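Me: Please take a close look at how charged side chains are placed in this structure. Then go on from there to the surroundings, in one connected account.

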Amino acid sequence: MTLSASSLSGPSEVKSAVGETVHISCQYHPFNRDKVKFWCRGYYWYFCTVIIRSDQPKHLTGDVQILDDKTLGLFTVSMKGATAEDSGWYWCAIERASSPLAFPLHLTVSEWLVSRLKTETTKQYDKTSTSLTTLTTSRSTPCTTQTTSLISATSNSTSVTVSLDRDDPVWKVWRVLRWMLFLFLCLFLVLFSIRCRR
């Protein structure tokens with residue numbers, strides 16, 4: 001974009017979260033590179049309050065700073081630790097002998113933007129996090145390896161599978177009954193065979 005000597009450009013609206021450092025850049029024509037740049041607050045230009053000027057001793061050390069890059073034809077205003085009270089109308093301006101160059105912009109500093117930023121960060125973390133699978137606990141016996149519990153967890157679902165423990169009382173009773181039934185069946189077959197031979 002080509003600028004004329006009487007033009008100044010920049011963003012018309014800037015949004016930031018509370019506590020962040022706000023950076024606002026204003027571009028000007030090389031003809032004005034040696035002019036004083038300043039940052040003014042207020043809805044009306046003729047009644048705005050000058051916050052900082054590029055010819056002030058502390059223009060690079062305070063909470064509000066102004067850096068003039070004469071090579072690029074760009075001056076940048078930085079506001080550290082922005083608060084909701086900093087929201088409002090501001091002016092990028094250049095001091096001239098005839099009349100200043102200026103253009104307005106609106107700054108919004110909000111707690112809502114902090115919550116939104118945290119939410120977006122959390123969602124991004126959930127998308128990129130690896131799934132977790134844990135734990136498989138096994139117990140070995142002379143004949144078998146019995147899995148006692150398996151818990152598999154992922155970012156989207158959780159499943160739990162528990163196998164029957166062979167030390168469980170129900171299992172012990174069934175094991176005894178099974179052998180008793182087997183012995184009873186064998187005895188019945190033996191007796192039946194003896195009776196048939198008679």
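Reply:

**Charged pairs and their surroundings**

Aspartate 55 counts as partly exposed, because its relative accessibility is 44% and that class covers values between 20% and 50%. The model is a predicted one, and every value below is computed from it.

Start with the partner of this residue. Aspartate 55 forms a salt bridge with arginine 53, and their closest N and O atoms are 3.0 Å apart. Arginine 53 forms another salt bridge with glutamate 95, where the closest N and O atoms also lie 3.0 Å apart. Arginine 53 belongs to strand E5, residues 49-53, while glutamate 95 sits in the loop between E8 and E9; the pair therefore ties together parts of the chain that are 42 residues apart in sequence. Glutamate 95 has a relative accessible area of 33%, so this residue is partly exposed. Since the salt bridges share partners, Arg53, Asp55 and Glu95 are joined into one network. Side chains of opposite charge can pair when their charged atoms come close.

A search of the whole structure gives four salt bridges. Besides the two in the network, consider lysine 70 and aspartate 34, whose side chains meet at 3.6 Å, N to O. This pair also links distant parts of the chain: lysine 70 is in the loop between strand E6 (64-69) and E7, aspartate 34 is in the loop between E3 and E4, and 36 residues separate them. The two partners fall into separate classes. Lysine 70 is partly exposed at 41% relative accessible area, whereas aspartate 34, at 61%, is exposed because that value is over the 50% limit.

Another charged residue makes contacts of a further kind. Arginine 41 is in strand E4, residues 37-41, and its relative accessible area of 28% makes it partly exposed. Its side chain reaches the backbone oxygen of serine 87 at 2.7 Å. A polar atom of the same side chain lies 2.9 Å from the backbone oxygen of glutamate 85. Leaving aside neighbours within four places in sequence, the residues in contact with arginine 41 include Cys48, Asp86, Gly88, Trp89 and Tyr90. One of these, glycine 88, is 47 residues away in sequence, yet the C-alpha atoms of arginine 41 and glycine 88 are 7.7 Å apart in space.

Tryptophan 89, another contact of arginine 41, is in strand E8, residues 88-94. With a relative accessible area of 34%, tryptophan 89 is partly exposed. On the surface it forms a nonpolar patch with Tyr43, Tyr44, Tyr46 and Phe47, and together these residues have about 760 Å² of accessible area.

Tryptophan 89 also leads inward, through leucine 105. Not counting residues up to four places away in sequence, leucine 105 touches Trp89, and also Pro11, Val14, Ile24, Trp39 and Cys92, among others. Leucine 105 belongs to the largest nonpolar core, which has 21 residues; Leu8, Trp39, Phe75 and Cys92 are listed with it as having the most contacts inside that core. Strands E3 (22-28), E7 (74-79), E8 and E9 (101-110) each supply at least two residues of this core. E9 gives the most, with five. There is also a second, separate core of six residues, including Phe38, Cys40, Trp45 and Trp91.

Strand E7 offers a buried polar residue for comparison. Threonine 76 is in that strand and is buried because its relative accessible area of 18% is under the 20% limit. Its side chain makes a polar contact of 3.0 Å with the side chain of serine 25. Beyond its neighbours within four places in sequence, threonine 76 is in contact with residues including His23, Ile24, Gln65 and Leu67.

Finally, the whole chain. It has two helices and 12 strands, and the elements run β-β-β-β-β-β-β-β-β-α-β-β-β-α from the N terminus. Of its 198 residues, 26% are buried. The exposed area is about 14300 Å², of which carbon and sulfur atoms supply 60%. Among contacts with a separation of 6 or more, 50% join residues 24 or more positions apart. The salt bridge between glutamate 95 and arginine 53, with its 42 residues of separation, is one link between distant parts of the sequence.

Terms used:
Residues numbered from 1 in each chain as written. Predicted model: local features only at pLDDT ≥ 70, side-chain atom pairs only at ≥ 80, totals over all residues. Heavy atoms only, no water. Patch = residues over 30% accessible without salt bridge, like charges linked within 9 Å, V, L, I, M, F, W, Y side chains within 5 Å. Areas by Shrake-Rupley, 256 points an atom, 1.4 Å probe, with all protein chains shown as cover. Helix = DSSP H or I, 4+ residues; strand = E, 2+ residues; numbered from the N terminus. Buried < 20%, exposed > 50% of the residue type's maximum accessible area, 1.4 Å probe, protein only. Core = buried A, V, L, I, M, F, W, Y, C linked by side-chain atoms within 4.5 Å. Contact = heavy atoms within 4.5 Å. Polar contact = N/O pair within 3.5 Å; in protein donor to acceptor, adjacent residues only side chain to side chain.
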